[in-house]
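Welcome! Please take a moment to look over the sequence and the model below, and then we can walk through them together.

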Amino acid sequence: MTAFSAGDSTIVLLTPLDLEYSAMRSFLTDIDEFPHDRGTLFEVGRLAGVPWSVALVAADAGNRTAAVLAERAIATFAPLALVVVGIAGALKDDIEIGDVVASSWVYSYGDGKEDDEGFQTRPRAWRSSHRLAEAARVVGRQGEWTASLATALSAERTPDFHYKPIAAGEVLLNSRTRSLAKQLGRTHNDAAAIEMESAGVADAAHLNDDLPILTVRGISDKADGSKHPNADRELQPAAALHAASFTAALLRKLPALLSPPAERRSGRMMVQNNLAASNSTMYVVQHGSQYFTHPDN
């Protein structure tokens, strides 16, 4: 079975690290290579329960590279949505290693001006797509995404889900006392996690007619000075698998929420026309892209 052909509807998943890519790839079947004419090698596969192709792109660390490859993926596939999937450090004490955070907002924290009074931050922010965010919150509430997890982290406790802002910059933070940590506490004190790619990808999505976008991150460390290579070898793959499992469940929730706007408008118009022709008072009920009527009795 060929995973992708011209004209297929597609979701793009962007992962920074190879371990994140491998974790997400393990959920796909019927995988084909799809080379770009500038050298990027996408892989496109299928995910059980999802009607669209799923394209994977490995971006490497950093917002600039992630933005370029996000733009390339958008131009190649014209996707219905783009999801950043990977790991992150926690910025809040109540978020534990192994938990998953989906972005309500993505903050770019590095913009600003340096003067005699010090660094004056000029924050930038992008809000996540409402449709993707709603799907993520339903998946988080239902909790089924944890059922198939088999990692040391998931054996110790059931991972929690958090829908909160995520901060993205160009610095790997491993301290709660250094200047960056203090800056984030002053200027982005609701950020729950920190990483290095989502601001670039969010900007690319915004510049492409506000393409729906969401970030999903598994927490692999606490960004508090306790991060060390031995822990990374165990914690990072587990956190990446948690993010991938959540993303797979998220994609299965999307078909009812990502129907083409024209279909939604057409359905709404048809209902309105039917109501105008009827003498009865009717309620309109929407289920996904479908609209139903029932009488007021």
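What volume does the largest cavity have? The answer is about 40 Å³. A cavity here is a set of points, on a 1 Å grid over the protein atoms alone, where a 1.4 Å probe fits but cannot get out. Its volume is the space filled by probe spheres set on the points, which are joined across faces, edges and corners. The structure holds one cavity of 30 Å³ or more.

Before going further, a word on the model. This is a predicted model, in which local features need pLDDT of at least 70 and side-chain atom pairs count only at pLDDT 80 or more, while totals for chains, interfaces and linings use all residues. Residues are numbered from 1 along each chain as its sequence is written, and side-chain values use heavy atoms, with hydrogens and water left out.

**The whole protein**

The protein has eight helices and 14 strands; these are DSSP runs numbered from the N terminus (helices: H or I, at least four residues; strands: E, at least two). Of its 297 residues, 49% are buried, meaning under 20% relative accessible area, whereas exposed means over 50% and partly exposed lies in between (1.4 Å probe, protein chains only). The accessible surface comes to about 14500 Å², and 48% of that belongs to carbon and sulfur atoms; such areas come from the Shrake-Rupley method with a 1.4 Å probe. Among contacts (heavy atoms within 4.5 Å) with a separation of 6 or more, 76% join residues 24 or more positions apart.

**Around the cavity**

Lining residues have an atom within 4 Å of a cavity point. For the largest cavity they are S103, V106, W126, R127, S128, S198, A202, I213, L214 and T215. At least two residues of this lining come from each of β6 (100–108), β9 (124–127), α6 (198–206) and β12 (213–221), and β12 gives the largest share, three residues. By type, the lining has five nonpolar, four polar and one charged. Nonpolar covers Ala, Val, Leu, Ile, Met, Phe, Trp, Tyr, Cys and Pro, charged covers Asp, Glu, Lys and Arg, and the others, Gly among them, are polar.

**Two helices**

Helix α6 is largely enclosed by the rest of the structure, because seven of its nine residues are buried. They are S198, A199, G200, V201, A202, A204 and A205. In helix α1 (residues 18–25), the buried residues include E20, Y21, A23 and M24. These cover an arc of only 165° around the axis, so they sit on the same side of α1; the arc is that of the directions from the helix axis to the C-beta atoms.

**Strand residues and a loop**

V101 lies in β6, and G218 is found in β12. Each has a partner that is distant in sequence:

| Residue | Relative accessible area | Partner | Residues apart | C-alpha separation |
|---|---|---|---|---|
| V101 | 0% | H162 | 61 | 4.7 Å |
| G218 | 0% | D99 | 119 | 5.8 Å |

Leaving aside residues up to four places away in sequence, V101 touches nine residues' worth of names that include I95, H162, T215 and I219. With its neighbours within four places set aside, G218 is in contact with G86, I87, A88, D99, V100, A239 and A243.

The loop between α6 and β12 holds D209 and also D210. Is D209 buried or exposed? D209 is exposed, with a relative accessible area of 76%. Its phi is near 55°, a positive value in a residue other than glycine, and D210 likewise has a positive phi of about 55° although it is not a glycine.

Methods: On a 1 Å grid over the protein atoms alone, a cavity is a set of points where a 1.4 Å probe fits but cannot get out, and a pocket is an open set with protein on both sides within 12 Å along at least five of seven lines; lining residues have an atom within 4 Å of a point.
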